[in-house]
Amino acid sequence: MREITAPLTDETARSLRAGEQVLLSGTVYTARDAAHLRMLDCLREGRELPFDVRGQVIYYAGPTPTPAGRAVGAIGPTTSVRMDGATPTLLREGLKGMIGKGQRSAAVVEAMRECGAVYFAAVGGAAALMARCVTACEVIAWDDLGAESVKRLTLDRLPLVVAIDCEGRSAFEDGQRAYLEYMMEDKQQQHE
Amino acid sequence: MREIAHEAITEAVAGLSVEANRYLPEDLARALREARQAEEWESARALLDILIENEQVARREEMPICQDTGMAVVFADVGQEVHIDGDFEAAVNEGVRRGYVGGLLRKSIVGDPLRRVNTGDNTPALIHTRLVPGDRLRLTVAPKGFGSENMSRVAMLPPARGVEGVKDFVLETVRLAGANPCPPMVLGIGIGSDFEGVAGLAKRALIQSVDEVNPDPYYAALEKELLEEINRTGIGPQGFGGRTTCLGLHILAAPTHIASLPVAVNVGCHVTRHRTVTL
């Protein structure tokens with residue numbers, strides 16, 4: 001399986017293809033609904049973002065509190081589509097990747113093509129298991145948001161699927177189509 | 001009259017909150033393993049293996065199965081011969097507070113839907129109380145994740161749409177949900193009652209054991225048909241294709257008005273949690 005490191009270079013982001021499985025290491029930042037709204041406020045008002053988004057990957061996640069002796073609590077992706085309103089703006093600011101679950105809007109896919117960005121899916125609900133791939137977690141902004149604060153995570157080989165690539169190809173559409181075609185063929189063969 | 005101390009209620013709710021988030025109901029864990037056996041599509045099998053491993057890791061390491069440890073939905077069947085010493089709802093909320101703070105569960109509740117400040121302790125719980133015969137108190141804590149809750153829908157269909165209308169609405173809800181609610185899903189379907197009642201039926205249907213068979217053969221057949229139909233959509237685990245889109249579904253039906261056919265679909269994920277104790 002291909003191993004990549006965040007932040008992502010333009011070259012890496014553009015080389016990934018929908019359906020490909022990767023192991024992601026390096027630094028990513030968590031941001032959910034409330035943090036996205038605040039980031040848009042920052043940009044509108046000309047203030048600095050909590051981190052420079054250029055080349056970075058945002059993980060749509062809010063972990064459970066960290067138990068003693070561990071790096072992080074349970075952590076898995078939240079539904080990405082809720083962030084779609086803010087995403088094209090962040091992509092145009094230089095964001096290179098996102099980790100979440102579920103489909104994205106046409107506007108996000110268009111902005112991804114334009115900016116050469118990639119959208120990864122993590123396994124939704126496999127949060128106890130995926131905690132093993134996070135070696136450090138630190139709140140860097142908006143602690144008042146609690147579960148929704150912005151955190152810097154250090155990842156060690158987090159397993160992901162390239163869900164939508166920089167050309168707009170979708171592993172959801174491709175995967176479902178391939179399965180349904182397989183089922184149709186299977187039925188036809190049973191008939192023959 | 002049988003006396004139940006409010007402290008006993010608090011302790012029970014605290015324990016149930018933590019346990020429900022760490023231990024997947026055995027029937028659902030079994031359904032996952034059976035779905036893995038029945039799944040033909042390779043990538044779907046690999047994803048189901050991850051979900052099964054995750055459930056085991058959570059149990060072993062005393063970690064929440066999912067980081068969305070939910071809104072604490074509490075069902076209380078209160079025997080009419082029971083006397084509770086103190087404020088019942090305060091006792092439940094104190095239990096949620098202790099469970100979520102002490103058990104290192106995520107605090108996911110904002111005190112107001114528009115002004116959105118986190119309450120910091122996952123309270124208040126959503127409490128559904130029913131008065132029943134007897135002198136026992138049955139408490140169920142069902143932490144509800146909102147990735148799946150957001151995909152739930154209610155429709156007030158005209159009676160002429162009949163069972164076909166219900167089937168179409170359920171299938172449409174599943175297709176619209178797609179990859180978002182962490183499929184494989186569990187569905188609770190309410191049919192009948194009124195606007196608020198039908199959603200309550202769907203929620204109660206969602207926390208039944210997935211292997212429970214509807215006692216009414218008409219609805220048992222409809223459940224089976226819907227499950228097969230849903231598992232032909234091709235959505236598959238996490239929306240990446242496959243047979244396993246839904247692990248189980250239940251229908252709860254109730255009397256309704258001559259002018260309406262209410263239907264509600266409460267969408268749950270593969271971590272549809274609930275835990276019950278009787279005091």
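Below, a visitor asks and a guide answers about strand pairing and a chain contact in a predicted model.

Visitor: Over how many bridges do β2 and β7 of chain A pair?

Guide: Strand β2 covers residues 21-30 of chain A, and β7 covers residues 150-164. One facing pair sets L24(A) opposite L158(A) in β7(A). The two strands are antiparallel, and their bridges number 9.

Visitor: Which residue is the bridge partner of E138(A) in β7(A)?

Guide: Strand β6 of chain A spans residues 134-141 and runs antiparallel to β7(A). The two are joined by 6 bridges. For E138(A), the partner in β7(A) is R152(A).

Visitor: Which residue in β7(A) does F120(A) stand opposite?

Guide: Take strand β5 of chain A, residues 118-121. It is antiparallel to β7(A), with 3 bridges between them. Across from F120(A) in β7(A) is V162(A).

Visitor: How many residues does the contact take from chain A, and how many from chain B?

Guide: Contact here is counted on C-beta atoms within 7 Å. Chain A gives 37 residues; chain B gives 41.

Visitor: Which element supplies the largest share of the side of chain A that touches chain B?

Guide: Two elements of chain A, α5 (127-130) and α6 (171-191), each supply at least two residues of that side. The largest share is 7 residues, and its source is α6(A).

Visitor: How many charged residues does the side of chain A that touches chain B have?

Guide: Split that side by class. Nonpolar residues number 23 and polar ones 13. The charged count is 1.

How values were computed. Residues numbered from 1 in each chain as written. Chains lettered and ligands numbered in written order. Predicted model: local features only at pLDDT ≥ 70, side-chain atom pairs only at ≥ 80, totals over all residues. Pairing = 2+ DSSP bridges. Helix = DSSP H or I, 4+ residues; strand = E, 2+ residues; numbered from the N terminus. Contact = placed C-beta atoms within 7 Å. Nonpolar A, V, L, I, M, F, W, Y, C, P; charged D, E, K, R; others polar.
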